[in-house]
Each structure stands twice: as structure tokens, then as C-alpha cells.
Amino acid sequence: MILASAPQSLLAATAPQGFLSPTGVEIAFVLVGIATLGAAVITVTTRQLVHAALWLVVALGGLAVEYLLLTAEFIAWVQVLIYVGSVVVLLLFGLMLTRAPIGRSPDADSGNRWVALAVAVASAAALVWVVVDAFRTQWIDLDGAVQGSTEVTGSILFRHWVLPFEALSVLLLAALVGAIVLSRKNGENGENGETEAGAGTEPPTATATETARSVTPDKEQR
Amino acid sequence: MNDVLDVALRLLVVFVVFLTFPLIVGQTEHKVMAHMQGRLGPMYAGGFHGWAQLIADGVKFAQKEDVVPADADRRVFQLAPAVALLPYLLVLVAIPIGPGEGAVGQVVDAGIFFVLAVMGVGVLGSLMAGWASANKFSLLGGLRTAAQLLAYELPMLLAAASVAMAAGTVSLPGILNAFEWWWLPWQIVGALVFFVAGLAELQRPPFDMPVADSEIIFGAYTEYTGLRFALFLLAEYAGIVVLCGLTAVLFLGGWHGPWGADGLGWLWTLLKTGILAFLVIWLRVSYPRLREDQLQKLAWTVLVPLALAQIALTGIVKVAIN
């Protein structure tokens, strides 16, 4: 019974709200949303690799602001901490470690762009449909008790969503172990060279072609 | 109207602290380093023991030409110092220096997360600077910065999580309200991990591999001149203030002290912050620079296990108390 009632008490009552008389928060929400969308579009269309990563920072930061406007403070800061602070830094690290040319990289375009666009539009449509269908005309009561504070988020997470939470943890653990296994395999190959011909053939070839591919355009430019 | 005035006043105070404290730390560093090395340090600027040296430095920086390298990515290059500096200003807003509502810029519900998240953003400034300079030394510096951040962010977070577990809240004033003196020995390992990881995140010696002058000139900041360079330096010292203040608040009990907790609490916070800042300077004079592999090894094989052990200890004690 608690399980059923708690999520509903979280969302505010379906108070009558007009579309044509938006509050300040709603206007801010829409404006930040437009800015976020713009940054996201630039992220995937810009020809400069590092600029794409930096625009991603703007898009992710915009999302964090949206969470803040919805009073979900905890989620907002975690978003900044994980995505802006770690994922983008990792991304930039990878770019700098391999190649991060200043200026345009014409070879960064992939032939899959139309397929990618179709997949993106399809997933966006599915997400929007699900969210709209789930919440319809429910509005969050911003003036009442804060519904996204750390305490509320924590108690909901560990009371009602423990199983999915733990399942996700196990998934992440599996990914972690997998990453360690993959990196250890390469290490063994480096130690005794004979096995290189055997199990480790595929990864080295792949990296070799990658480097070859990334070196040639540079030569052409010169 | 009163609310607006209140907010404006708080922000003004935070801004003044942001402008003065880093300079005080910088001047102290000049003098303390000099005396530890048997020198006098700045003696002329301002008259009395060179107190105005950093102001003179600031005037000098402002007069210099602002150079952007020809091959650099102009906009990113020029934006980088702001990205490096502003996060620390934001963090200062959330650090409480005394008990009660009046002694903190703004009470943030998820304070620890806010502080650590925003501090992490500051490193993006170094990365942008390193990449946009079109200089291989800068790029190497940026790479090292990123590698260092990725290694030290985790132990820092884990150590902070330990305190949050002990207090049962992630709000900074909330943690201080729950503080008891015996937390000091209980959380001491976490405190060490947090402080060391914070030093590494600020790229202070002995963790200054990203700006190692004998190898890569000045890392990501090699191409910067004038005011923009000064902003990067200011970011470093603001970072010291923020790190020391945070360590004092999270692990050393902030405004709590043996006596005078009412009214004089803010003095305790400042005293603890000052002692920690002195420690930061002392470490710079005492220890040689860690090599890149030693840096990574320290983070992954010492700090992370220590932080995890601290979390386990915190959990056990917490359950035992309840």
C-alpha cells in the first residue's frame, strides 16, 4: 500500500494550470531548455572535435539547471559531478591523447549520419511519448515542500527502488570487472610475446588500422 | 526589499572574501617560503615587510600585453581563465564559517555534492587552456591535469561520503551541527585522504606534475600572459582557500572549538583554515615533485583503499552507536 501511494503523493495534485499564464519558473524552464537543445544540436553538428566536447558541457550543465528548476537539487549536483566533472574530462583526455586538432576535422564525419539521425529521432519520440503518456497534466507544486531534496530522494531510492538500484550496481560492477579483464589480457600479451600471435591478434590489428587511418589525413594536409 | 538587501550583502561579503583571502594566502606563501629557505622575501613594496607585493604584482600583470598565439583557438583560449576561476567563487558561497543562518552565503541542501561538483568544473579551465594554446607543452600539461583529476576525484569523493555518512546529512551546516569532538580521531584517515586528494586536484606541490617547470615549462598556462595568467594564479590560491576551508568544515569541526563556540565560532573556522593553508605552503617547501607514475600509484593503491577502509569504519561505528 505504501508502495502504491508514495509516488503519487510525491507528484503534486493535478491542479488546474493554464498554458497561457506561465509563471516565471516555467518561462525560465523553457528558455533553459531551448538553450540546452541548441547546445546539444551544436555538439553533434560542429566540425571541431574539442568544441563538440565543450558544447556537451553546456548541454549537460543546462540539464542540471533544469533539474534545479524542478527542485531536484541532489540530482542536479550529481549530474554536474558525474557528467561535467568526470565524463567530459575523460572525453577530453581521450581526445587529447589521440588527436585533438585545432580547427576543423573534415574526416570526423561518419557515413552513418542519416542512420544515426533516424535512431536519434526514434528514441527521442519514444521517450517523449512515454513521458507525456505517464504524466499528462500533472504539475509539480513548487511552492510546497521540496520534493527533490536529498532526504526525499534517498528515502524513495532505498525504500521503493532498492532492487533496481542494486541491479544497476551489479551491472556497473560487471562493467568494471570486464574492463579490468580486458586490460589485463593486453598486459599478458606484452609480457610474453609468443601469445601475441594467438589470442591477441584482433585488438592490435584494429589499433594499427586506426592509427593508420588517423595518420593519413594529416599527411594529406601537409 | 529586505530580502534582496540581505542576499546582496551576503554575496558582497563572499566576493570580498574571494578577492582578499587568496591574496593573503599568496603573500603568506611569499614570506613563509622565504623564511623557511633563509631569505627575507619581499621587503620593499608597501613599506612594512613588503605587504603590498601582490598588489604591485597585480598592477604589473594588468599592464602587460594580452597575447593570444596565432594558431590558438581564440575563443576557448580566452574563456579558459574564467572557467578556471569562477567555480571557486561559487563554492565559497556554500561554505559556512559560523553557526546559524547568518554565517553562510547560501545554505545548499546537497552542500557536499554542490561543492565537489563545482570544484570539478574548475579543472575544465586548465584542460581548455592546455588544448587551445596550440603548444605541445600546454597539451602535455592539460593531459597530465586530466589524468590527475580522474585519479584523485574518486578518493576525495569517498572521503567526503564518509563524513556525510557519519553526520547523516550532505548539507555542510548540517554536518557541523552533528559534529562531536571524537569525530576527529574517527575520521582522521578520511581527512588525510581528502586533503591530499584536494592538493592533487589543485596541482599544488608535491602534486604539481601538470605544471612541472623543468619539463613542460608551465603546463597548460605556458602561453598565457598578463591578466589572464594572473587569473589562473588567483584560481590556484582561491583553490587553496576553498580546500582548506572545506577540510576544516568537514573534518576539523569548523566553528566548534574548546571554548567560545558562541559568537566567536567564525574565528575557529578561520584559524583552522589558516593553519591548513600554512600546511599547504609548508608541503610545497618540503617535498620534491612526485613523478607521474608515482602520482597515479599513490591515488589508486593508497588513497582509494584508505578511503574505502574509512567508509567501512564509519559504517561499523555508526551501526554500533545506533
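At the heart of the largest nonpolar core, which has 131 residues, sit B:Val91, B:Phe113, B:Leu116, B:Met128, B:Ala160 and B:Phe194, the members that touch the most others. A nonpolar core here is a set of buried Ala, Val, Leu, Ile, Met, Phe, Trp, Tyr and Cys residues joined through C-beta atoms within 7 Å. Buried means that 20 or more other C-beta atoms lie within 10 Å of a residue's own, exposed means 12 or fewer, and partly exposed is in between, with C-beta atoms placed from the backbone. Keep in mind that this is a predicted model: local features need pLDDT of at least 70 and side-chain atom pairs count only at pLDDT 80 or more, while totals for chains, interfaces and linings use all residues. Residues are numbered from 1 along each chain as its sequence is written, with chains lettered from A and ligands numbered from 1 in the order in which they are written.

Take B:Phe194 from that core. Setting aside neighbours within four places in sequence, B:Phe194 is in contact (C-beta atoms, placed from the backbone, within 7 Å) with B:Met156, B:Ala159, B:Ala160, B:Thr247, B:Leu250 and B:Phe251.

Now to H12(B), residues 292–321; helices (H or I, at least four residues) and strands (E, at least two) are DSSP runs, numbered from the N terminus. This 30-residue helix reaches 42 Å from first C-alpha to last, close to the 44 Å expected at 1.5 Å a residue, where the expected span is 1.5 Å times one less than the number of residues. H12(B) has a kink of about 30° at B:Leu303, shortly before the proline B:Pro305; the bend is the angle between axes fitted to the seven residues ending at a residue and the seven starting there. Its buried residues are B:Leu295, B:Leu298, B:Ala299, B:Leu303, B:Ala307, B:Gln310 and B:Thr314, and they pack against helix H5 (136–167) and helix H8 (188–202) of chain B.

Over in the loop between helix H3 (74–94) and helix H4 (111–132) of chain B you'll find B:Gly98. B:Gly98 counts as buried because 21 other C-beta atoms lie within 10 Å.

Finally, the two chains meet: 22 residues of chain A are in contact with 27 of chain B. On chain A's side, the elements giving two or more residues are helix H3 (49–69) and helix H4 (73–98), and H4(A) brings the largest share, 15 residues. By class, that side has 17 nonpolar, four polar and one charged residues, taking Ala, Val, Leu, Ile, Met, Phe, Trp, Tyr, Cys and Pro as nonpolar, Asp, Glu, Lys and Arg as charged, and the others, Gly among them, as polar.
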